[in-house]
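Dear colleague,

I am handing over the structure we spoke about, and below it you will find what came out of going through it. Please read the notes with the structure open beside you.

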Protein chains: 2
Amino acid sequence: MATTISKDQPVVTLINTFTVAPERQEELVNLLVEATENVMKHLPGFVSANIHRGLDGRHVANYAQWRSREAFEAMLRNPEAQAHMGPIAAMAQFDPVLYVVADDITVVS
Amino acid sequence: MATTISKDQPVVTLINTFTVAPERQEELVNLLVEATENVMKHLPGFVSANIHRGLDGRHVANYAQWRSREAFEAMLRNPEAQAHMGPIAAMAQFDPVLYVVADDITVVS
């Protein structure tokens, strides 16, 4: 099931952008996928995560949807989630921000 | 038509995160929506844009899909697009990065 972005979705969106050394970009992608598969997706309120590889080699982004801000914040306090985030925080700078979708614009192709 | 995120989509993804004074956040959201509706969506290769309002009041993000890196770069050179981006650049710091989707993880709710 693919992720859908729409201002009508009942979710909050985490956009977390990571800056990483190019030689470790792939490792960071793999750690984020593992953390999502092993921990995050089993927590209450998880909806989706999409791990993105920057074409510049130096960035990775996680576009993740949670049912509510409370569910996201509970994840941050979860010891298992924290254990998975430790090695990630050690290898990359990151800047997590929570959003809601203000407007969605698409073209029919 | 809602935006779909999937690693099987033939798109490149721009994630552009803006930092803005809280009292101008709504104005920035409106300028990005206008630029998208009036210019971007009519350019070749535009697929979708989703404008996000940060819950912290200080961020705005644009999650936009283009058919190719070449289509995105042609937009950057378009004088009409540049005219719309001028006022936006004057009121916010921003950090545009192009990505591909490395992995997509969702739960069936």
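In this predicted model, A:Ala49 stands opposite B:Ile105, a residue of strand 5 of chain B. That pair can serve as a way into the contact between the chains, where strand 3 (residues 46-54) of chain A is joined to strand 5 of chain B by seven bridges, the two strands running antiparallel.

Looking at the interface as a whole, 45 residues of chain B are in contact with 45 residues of chain A, and the area buried between the two chains is about 4000 Å², of which 64% comes from carbon and sulfur atoms. The rule finds zero salt bridges across this interface, whereas it finds 16 residue pairs in polar contact there, counting pairs with both residues at pLDDT 80 or more. On the side of chain B that touches chain A, at least two residues each are supplied by strand 1 (3-5), strand 2 (12-20), helix 1 (25-38), strand 3 (46-54), strand 4 (59-66) and strand 5 (92-106) of chain B. Of these elements, strand 5 of chain B gives the largest share, with 10 residues. Sorted by class, that side of chain B has 24 nonpolar, 13 polar and eight charged residues.

How, then, are the two copies related? Chain B is superposed on chain A by a rotation of 180° with 0.0 Å of shift along its axis, the RMSD being 0.0 Å. The two copies are thus related as by a two-fold rotation axis. If you wish to find this axis in chain B, the C-alpha nearest to it is that of B:Thr4, which is 2.4 Å from the axis. The interface agrees with this picture, since 100% of the interface residues of chain B are also interface residues in chain A, so the copies meet through the same surface.

Finally, a word on charged pairs. Although the interface of chain B and chain A has zero salt bridges by the rule, the count over all chains comes to 10. One of the salt bridges is formed by A:Lys7 with A:Asp103, whose closest N and O atoms are 3.1 Å apart. Because A:Lys7 lies in the loop between strand 1 (3-5) and strand 2 (12-20) of chain A, while A:Asp103 lies in strand 5 (residues 92-106) of chain A, the pair ties together parts that are 96 residues apart in sequence.

With best wishes

Note on methods: Residues numbered from 1 in each chain as written. Chains lettered and ligands numbered in written order. Predicted model: local features only at pLDDT ≥ 70, side-chain atom pairs only at ≥ 80, totals over all residues. Heavy atoms only, no water. Contact = heavy atoms within 4.5 Å. Buried area = accessible area lost by both parts, 1.4 Å probe. Salt bridge = Lys/Arg side-chain N within 4 Å of Asp/Glu carboxyl O. Polar contact = N/O pair within 3.5 Å; in protein donor to acceptor, adjacent residues only side chain to side chain. Helix = DSSP H or I, 4+ residues; strand = E, 2+ residues; numbered from the N terminus. Nonpolar A, V, L, I, M, F, W, Y, C, P; charged D, E, K, R; others polar. Pairing = 2+ DSSP bridges. Least-squares fit on C-alpha atoms with pLDDT ≥ 70 in both.
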